[in-house]
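These are my notes from an afternoon with one model. I went through strands, confidence and aromatic contacts in turn, and wrote down what I looked up.

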Amino acid sequence: MDNEEKKGVSRPLRLVLAGLTVLFIGMIGLSIFKSGSVNGPQAVVKGILLPMQEGIHKSGSFLYKAVTNVESLRLAQKENEELKQQVMELQQEITRMQEDKYEIDQYRELFNLTNQYEDYEMTGANVIAKDSGNWFHSFIIDKGSNDGIQKDMAVLAQGGLAGIVTSVGPTSSRVMSIIDDDSNITAMSMSSKERCIVSGDLELYRDGRLRLMYMDKEVSIEQGDRIITSNISTKYLPGLLIGYVDEIKVDSNNMTKSGTLIPYVDFSHLDTVLVITTLKNTGDDIED
């Protein structure tokens, strides 16, 4: 009896629950297609779906921005590398242009020298080595006997006399510059033709000077005069510019004068030179 009553009661309850479920689902369906004020079931659905939709939207926006930022960073890095390469190429081009300009200036300087001493045959050469020390008191050029270079040929640079060839090999030669301690040149004033001796002195050249010696007390050589090689020199051809008189004073013997000279060539920088291939007849002289 009790079992039958339980069965009788449970069947209507199940029908009621089923009806309510169908009604609830129907109301949800109608709320999707029907516009108007939000009723209870619709609010429940939206309360569930809207946060999910907003979360998905925010997540999508975040992922989109992240992907976009990564791509922008990649493009920026690529552009940066390309700019670095362009800067490197421009720097190399500037360096090449500077080297070309320097080389052109050197050739122009040599060209001016050939015009200045157009009576002499010359050949250009590069300085390829030097002895130890701050200055080019002895150096090597890249031309030798194969190029017609001979001992005692004069060497010019920067518009003035640089030195003289002291030894020759097949493809290179050694030059002793006029600042070397062993250098002595019979010279004269370009204006008065008065003679003197220009002597190399490495200690004195610390101040950029050479010695002027063996001048008679009465000679008219003055400060600022140009000093050139003398026509009586046995090794140097005449008229080669050596430098300018810096100071003149009467010696303690009251019979001679001496002083200092500023050489025309800067012996701290030598790159290219001209060798005068014309030799002067040798003879006895004070020069070495």
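I began with strands β1 and β2, which cover residues 122–130 and residues 138–141 respectively; in this predicted model the two run antiparallel and are joined by 3 bridges. I then looked up a single partner within this pairing, and found that Val 127 has Ile 141 in β2 as its bridge partner.

Next I followed the sheet outward from that pair, and it proved to be a closed barrel of 6 strands, in the order β1-β2-β5-β4-β3-β12, with antiparallel pairing. For the strands of this sheet I noted that neighbours are turned against each other by 45 degrees on average, with direction ignored.

I checked the barrel against the whole protein chain, which holds 2 helices and 12 strands. Reading along the sequence, I wrote the pattern down as α-α-β-β-β-β-β-β-β-β-β-β-β-β. Of the contacts between residues at least 6 apart in sequence, I found that 60% join residues at least 24 apart.

I then turned to burial and surface. The protein chain has 288 residues, of which 32% are buried, and its exposed area comes to about 18300 Å², with carbon and sulfur atoms supplying 55% of that area.

Before going into side chains I looked at confidence: the average pLDDT of the protein chain is 79, and 66% of the residues score at least 70. Residues 4–9 fall below 50, and this stretch makes 0 contacts in the model beyond near neighbours in sequence. I kept in mind that predicted coordinates should not be read in detail where pLDDT is low.

My last entries concern the aromatic side chains, for which I counted 4 aromatic pairs in the structure. How are the rings of Phe 136 and Phe 139 arranged? Their centres are 6.3 Å apart and their planes stand at 70 degrees, which is over the 60 degrees required, so I recorded the pair as edge-to-face. Both Phe 136 and Phe 139 are buried.

Tyr 205 and Phe 267 also form an edge-to-face pair, with 6.1 Å from centre to centre and 80 degrees between the planes. I traced where the two residues sit, and this pair links distant parts of the chain, since Tyr 205 lies in the loop between β7 (195–199) and β8 (210–216), whereas Phe 267 lies in the loop between β11 (256–263) and β12 (272–276), 62 residues apart. Tyr 205 and Phe 267 are both buried, and together with Trp 135 they form one aromatic cluster.

How values were computed:
Residues numbered from 1 in each chain as written. Heavy atoms only, no water. Pairing = 2+ DSSP bridges. Helix = DSSP H or I, 4+ residues; strand = E, 2+ residues; numbered from the N terminus. Axes fitted to C-alpha atoms, helices over the stretch in contact; angles between N-to-C directions. Buried < 20%, exposed > 50% of the residue type's maximum accessible area, 1.4 Å probe, protein only. Contact = heavy atoms within 4.5 Å. Areas by Shrake-Rupley, 256 points an atom, 1.4 Å probe, with all protein chains shown as cover. pLDDT = per-residue confidence, 0-100. Phe/Tyr/Trp six-rings, centres within 6.5 Å; stacked < 30°, edge-to-face > 60°.
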